[in-house]
Amino acid sequence: MRALLRPVVPLAAFLALAPPAAADRLVLADGRVIERCFLRDEGTHLTVWERLEDVGKPPAVFPRREVKEFKIERDDAYDAHLDLPDLSVTFLELTPKLAGLHGVVDYDVFGRPSLGGKAFGDVRERQVKTLRDAFEDYRLVKTFGNVGEARYHDPERVVRGVKLRYRPGEEVTITAHVKNVGFAAAPPFRYEWEIDGRKVGGGRWESSLPEMEEAAVPYRWKWQDGLHRATFRVLANGPEIAAINDEATDPLWGWGLTYVVHPRRVEAWHRCRSAYGTFSFEDFYRWHLDIMNALFEASVYPSAPEGIQARVRLDRIVYADDPEKAAERLFEEDGLRYNQGQWIWIDDDDRKGTWKPPTREWRTQTEWSLPHELGHQLGLTDLYNLDCEGSPDHRMPDNGDPVTHLMRRPLTMMHWHGPSLWSEVCAGYLNQSWDKPRGHYGDFYFAIPAESFLEVLDVNGRPLPGARVEIFQRGVEVDPKEKGGEEAGVKWFPVLEDGNFGKPLSKDPVIAGQTDANGRLRLPNRPVKEVRTLNGFHRKPNPFGNVNVVGNRGLMLVRITKDARPSPFWLEITEFNEAWFRGQKDRFTIRLVTPYGSADSPRPPREVKVERAGEHEVHVTWKPPDLPPAPSCLDKPVGYRVWRRHTSNGLNDHPWFPVATVNADAREAKVDLRDLPADVYYYSKVDRFAVSSVGEHGLLSELVEVVLPAGK
């Protein structure tokens with residue numbers, strides 16, 4: 001790549017510059033404030049350089065729990081060019097390359113993924129017709145009706161003969177790519193290789209490296225299974241702009257990703273300094289893979305007690321004048337792409353040749369959209385597809401709001417972009433498939449326990465027998481022409497299978513039944529078109545039916561009715577997936593707590609009302625229950641409890657929370673509207689209040705609810 005002509009600043013002159021007019025500000029949780037610093041947001045922590053001349057050196061690290069707030073604000077001084085070289089280890093490339101499955105996964109009308117495309121269009125043609133193959137064909141015909149069905153049930157047979165992993169002892173080559181991203185030629189340099197922290201090689205690059213030129217240094221290694229890491233380190237001969245890019249350590253078991261970019265875009269990035277601390281497109285976007293891996297490690301859950309074992313690594317950068325065509329050419333003659341995911345930079349500037357440096361606001365922040373988008377390359381879905389803004393057919397009985405749903409634990413990487421950990425369902429999926437090729441998408445939705453139950457409880461946590469349960473599903477339409485079935489007294493109803501998974505919440509139930517004496521209802525396993533993927537996930541009969549890999553059908557509204565009073569809940573497929581990843585593969589129970597009373601509850605209060613009493617306060621009032629002339633100890637309240645909900649979501653999304661408990665003589669309670677759990681309230685923020693009587697031993701009556709009228 002040609003050198004760029006621009007003014008540069010000698011090091012001595014740079015250090016003599018006055019402090020910049022603008023720099024970052026970091027406020028720590030203990031009250032300390034670091035002014036005029038330069039920081040990076042890496043998700044689990046922030047790194048800080050306290051002086052401009054320190055940028056590019058190893059920074060100080062502050063765990064995120066120690067950070068209260070920060071502001072990033074920089075000026076032209078941050079982008080001043082230095083008359084120095086800057087050797088950067090941009091990526092470590094591993095050859096021979098392993099095949100991926102991107103672009104060769106097809107889907108049928110039932111949402112079944114299968115390996116197809118040019119690579120696997122006709123499985124039989126790829127097989128050597130031995131006697132064993134002929135017997136296998138006979139077995140498939142007997143089992144599935146035809147050989148072609150094998151692609152849905154026997155993916156290992158489909159990929160037979162494709163190189164998907166290295167053999168122990170196989171020789172591979174790790175090539176370090178070193179680029180001078182500074183503004184002066186780099187003199188010859190020495191380098192070292194390490195495997196798992198132990199030095200295994202080294203040498204010297206004998207020639208100088210001009211600005212924006214690259215050197216490639218290979219190392220041959222005999223493959224070993226396991227979690228091994230390779231490190232390449234540059235030992236620069238003289239001062240550089242930065243030291244943080246002098247070495248790279250890659251997880252050799254990580255999925256190798258490819259970047260495709262126009263060289264002029266790279267040159268545009270070279271004109272300014274990024275959040276990473278160097279004048280390099282490659283450094284900035286390699287850094288984001290390091291952030292992904294750090295977030296993988298920190299994503300600890302019951303199903304992933306040591307975090308996510310999977311890792312990513314930058315295996316290749318393709319510089320191309322036509323990135324779109326270059327990306328197409330990454331498919332080899334056999335129809336396969338030999339990477340595990342890729343990202344292409346392409347927009348109108350690339351097409352017109354009008355490249356401009358990225359804005360300072362953009363490049364001095366972490367590009368949180370990229371880890372999210374690269375998560376898709378690994379098979380992770382947009383978890384916001386499990387959000388639901390409601391349906392006109394399903395409304396709250398008190399004010400007519402649609403019943404809404406926000407994905408459980410939404411502050412995670414695949415729901416919203418940001419410095420968030422990966423969800424537990426992502427952790428379980430990646431931990432099961434870390435050694436499998438990428439290309440399948442969302443097949444973890446198939447991981448559902450063999451038996452699933454609802455346990456419906458009253459307000460005191462006791463079983464609620466005889467409650468009517470109706471379940472509606474998004475992405476389906478009940479087929480009135482087909483006959484359904486029944487399991488353990490619970491009915492299920494067939495749906496239209498027309499390949500349209502984008503339908504709204506069904507008007508009619510897909511499941512209906514009644515809780516037994518123990519308040520339980522077994523969810524029927526609805527029939528499906530079965531499929532198994534190379535990742536080991538098997539879509540079997542299950543309560544969601546033919547769930548698709550995008551997740552549209554992975555959401556069901558549960559309406560529980562007792563004494564003509566309905567209550568809404570949501571079943572989100574990730575709850576079932578997480579249970580499966582936690583080891584509950586055979587049996588799983590979801591407990592739903594309703595606002596209904598117990599048989600021996602005290603009598604409920606009457607005429608509950610709420611009215612505003614200022615900008616932030618409301619008064620909740622009620623009357624005592626009607627009691628018989630000779631009330632028993634079960635009838636009389638010893639106090640009252642006041643409750644609140646700040647949403648029209650389902651009752652298991654945002655349950656009632658108590659805001660006051662008062663004595664039996666009280667008839668009102670004051671509530672500060674600002675006192676809310678620090679939760680996410682995304683859809684309707686209507687306030688509901690309720691009062692229940694408190695009996696002896698803390699036993700509660702049913703909740704008597706009221707909606708706060710909308711205020712100014």
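Helix 7 first. Nine residues of the largest pocket's lining come from this helix, and that is the largest share. Keep in mind that we are looking at a predicted model.

Who else contributes? Helix 7 covers 281-298, and it is one of the elements that supply at least two lining residues each. The others are strand 3 (45-49), strand 6 (87-95), strand 14 (247-251) and strand 16 (312-319).

How many residues line this pocket in total? The count is 30. Nearest the centre lie T249, Y276, R286, W287 and D290. The volume is about 680 Å³. On chemistry, the lining splits into 13 nonpolar, six polar and 11 charged residues.

Now the second largest pocket. This one holds about 470 Å³ of space. Its lining has 23 residues. Closest to the centre are L98, L164, R165, W223 and W253. By class, 11 are nonpolar, five polar and seven charged. Strand 15 (255-261) and strand 16 each give at least two residues to this lining. Strand 16 should sound familiar. It also supplies at least two residues to the lining of the largest pocket.

A word on the idea behind pockets. Rolling a probe the size of a water molecule over the atoms shows where empty space is left.

Next, helix packing. Two packed helices are described by the angle between their axes and the distance between the axes. Our pair is helix 12, residues 424-433, and helix 13, residues 573-581. What is the angle between them? About 45 degrees, with the axes 9 Å apart. Helix 12 is therefore oblique to helix 13. The crossing of helix 12 past helix 13 is left-handed.

One single residue before I zoom out: A150. It sits in helix 4, which runs over residues 150-153. Is A150 buried or exposed? Its relative accessible area is 1%, so A150 counts as buried. The cut-off for buried is under 20%. And a long-range pair: A150 and N552 are 402 residues apart along the chain. Their C-alpha atoms are separated by 26 Å.

Finally, the whole chain. There are 712 residues, and 57% of them are buried. A150 belongs to that buried set. The secondary structure comes to 13 helices and 35 strands. Along the principal axes, the C-alpha trace spans about 105 × 80 × 50 Å.

To recap the pockets: about 680 Å³ for the largest, and about 470 Å³ for the second largest. Helix 7 gives nine residues to the lining of the largest one.

Notes:
Residues are numbered from 1 along each chain as its sequence is written. This is a predicted model: local features need pLDDT of at least 70, side-chain atom pairs count only at pLDDT 80 or more; totals for chains, interfaces and linings use all residues. Side-chain values use heavy atoms; hydrogens and water are left out. Helices (H or I, at least four residues) and strands (E, at least two) are DSSP runs, numbered from the N terminus. Buried means under 20% relative accessible area, exposed over 50%, partly exposed in between (1.4 Å probe, protein chains only). On a 1 Å grid over the protein atoms alone, a cavity is a set of points where a 1.4 Å probe fits but cannot get out, and a pocket is an open set with protein on both sides within 12 Å along at least five of seven lines; lining residues have an atom within 4 Å of a point. Grid points are joined across faces, edges and corners, and a volume is the space filled by probe spheres set on the points. Ala, Val, Leu, Ile, Met, Phe, Trp, Tyr, Cys and Pro count as nonpolar, Asp, Glu, Lys and Arg as charged, and the others, Gly among them, as polar. Axes are lines fitted to C-alpha atoms, for helices over the stretch in contact, and angles run from 0 to 180 degrees between N-to-C directions. Angles under 35 degrees count as roughly parallel, over 145 as roughly antiparallel, 65 to 115 as roughly perpendicular and the rest as oblique. A crossing is left-handed if the near helix is turned anticlockwise from the far one by less than a right angle, and right-handed if clockwise.
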